[in-house]
Amino acid sequence: MKKIIAYASVTFFAACFLLPFIIMLFGSLRDMQYALLSPAYWFSDQLTLDNYRYVLSDGIFLRWIFNSVVITVIPVFSQMFFCTVLGYIFAKKVFPGREVIFWVFMAVVMIPQQLLIIPKYIMFSNFGWINSYEALIVPEIWGIMGVFLIRQYLQNIPNDFEEAAKIDGAGDFKIFMKIIFPLAIPVVATVGTFSFIANWNDLFQPLIYMTQENMFPVTVGLASLLGKEGHFGIEMAGSAISFIPTFLIFLFFQRYFTEGIQLSGLK
């Protein structure tokens, strides 16, 4: 009876989590004449790919995809490198104020980004970064949580590797590139996955900094699409297309993602 209850509970919650995706897929294959709660919406055999054809033939949607790729891919690779460098420094190097500096960084995480959005907007406006990629790329060059994850991971690596490399005459940079970085691949992939999902799905900051339609990322573009087109099916088709990259990233890096989380002390 306990197993039956457990499996029934898991199935119920899985269905609850899958329901929005099912609605999205069904909606992307339906014409607007089918209401969301109508039986025809769920049981009609009139499927169509017209919504996908319309979205993919619209040049502005492809521009939104390109913008999302730019503001996502660059921070992903920069965070994977710079977070590893900073995590290595805080984990393995000893210098005055190391713990104070690290925990000051961690305290910044407690500040909601909504409180910083006005001073950041004023600063970026003075820099001329409004409606430019710099406003979304430069603040994401590195991430505090990425540094924390990598630091926790590297603290579990014995110092013997570094000491042996130093005996062989290797410098800090060579030790980092040849020993530390390869050993940290699981957690680096985890940081990259987190960064990709966060930047690809970010709606709040692009909504503030991007006011021109041709500079919208796909999240802001989709938010404006329903009001512009007034078509539920087109909106769902765009959402389904924008979901594919995050799904593939997690699918390909799932093994590293799980391993990195487990070995970073976040079991």
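Of the contacts in this protein with a separation of 6 or more, 73% are between residues 24 or more positions apart, a contact being heavy atoms within 4.5 Å. The structure is a predicted model, in which local features need pLDDT of at least 70 and side-chain atom pairs count only at pLDDT 80 or more, while totals for chains, interfaces and linings use all residues. Residues are numbered from 1 along each chain as its sequence is written, and side-chain values use heavy atoms, with hydrogens and water left out.

Let me turn to the confidence of the model. The pLDDT, which is the predictor's confidence in each residue from 0 to 100, has a mean of 85 over the protein, and 89% of the residues reach 70 or more. Among the elements, helix 2, residues 39–43, has the lowest mean pLDDT, at 60, and helix 7, residues 134–137, has the highest, at 93.

The protein contains 15 helices and zero strands. These elements are DSSP runs, numbered from the N terminus: helices are H or I with at least four residues, and strands are E with at least two. Of the 267 residues, 40% are buried. Here buried means under 20% relative accessible area, exposed means over 50%, and partly exposed lies in between, with a 1.4 Å probe and protein chains only. The protein exposes about 15,400 Å², and carbon and sulfur atoms supply 71% of that area. Accessible areas come from the Shrake-Rupley method with a 1.4 Å probe, and for residues only the protein chains shown count as cover.

I begin the tour with helix 1. Its 27 residues, 2–28, should span 39 Å at 1.5 Å a residue, and the end C-alpha atoms are 39 Å apart, which agrees. The expected span is 1.5 Å times one less than the number of residues. Helix 1 also has a kink of about 40 degrees at Leu18, shortly before the proline Pro20. That bend is the angle between axes fitted to the seven residues ending at a position and the seven starting there. Met24, Gly27 and Ser28 are buried in this helix.

Next, the charged pairs. Side chains of opposite charge can pair when their charged atoms come close. A salt bridge is a side-chain nitrogen of Lys or Arg within 4 Å of a carboxyl oxygen of Asp or Glu, and by this rule the count comes to four.

One of them joins Lys93 and Asp172, with the closest N and O atoms 3.0 Å apart. Lys93 lies in the loop between helix 4 (59–92) and helix 5 (98–108) and Asp172 lies in helix 10 (residues 172–183), so the pair ties together parts that are 79 residues apart in sequence. Lys93 counts as buried because its relative accessibility is 19%, whereas Asp172, at 43%, counts as partly exposed.

What does Glu99 pair with in helix 8? The side chain of Glu99 meets that of Arg151 in a salt bridge, 3.6 Å from N to O. This pair links distant parts of the chain, with Glu99 in helix 5 and Arg151 in helix 8 (residues 144–154), 52 residues apart. Glu99 forms a further salt bridge with Arg98, where the closest N and O atoms are 3.3 Å apart. At 33% relative accessibility, Glu99 counts as partly exposed. Arg98 counts as buried at 19%, and Arg151 counts as buried at 6%. Through shared partners, salt bridges join Arg98, Glu99 and Arg151 into one network.

Arg151 belongs to a helix that is mostly covered: nine of the 11 residues of helix 8 are buried. Alongside Arg151, the buried residues of helix 8 include Phe148, Leu149, Ile150 and Tyr153.

Another charged residue to consider is Glu235, found in helix 14 (residues 232–252). Is Glu235 buried or exposed? At 11% relative accessibility, Glu235 counts as buried. Leaving aside neighbours within four places in sequence, Glu235 is in contact with Leu222, Ala223, Leu225 and Leu226.

I close with two loops. Asn131 lies in the loop between helix 6 (113–127) and helix 7. Although Asn131 is not a glycine, it has a positive phi of about 60 degrees. Asn131 counts as buried, at 17% relative accessibility. Gln212 lies in the loop between helix 12 (204–209) and helix 13 (218–229), and at 40% relative accessibility Gln212 counts as partly exposed. The C-alpha atoms of Gln212 and Ile130 are separated by 9.5 Å, although these residues are 82 residues apart along the chain.
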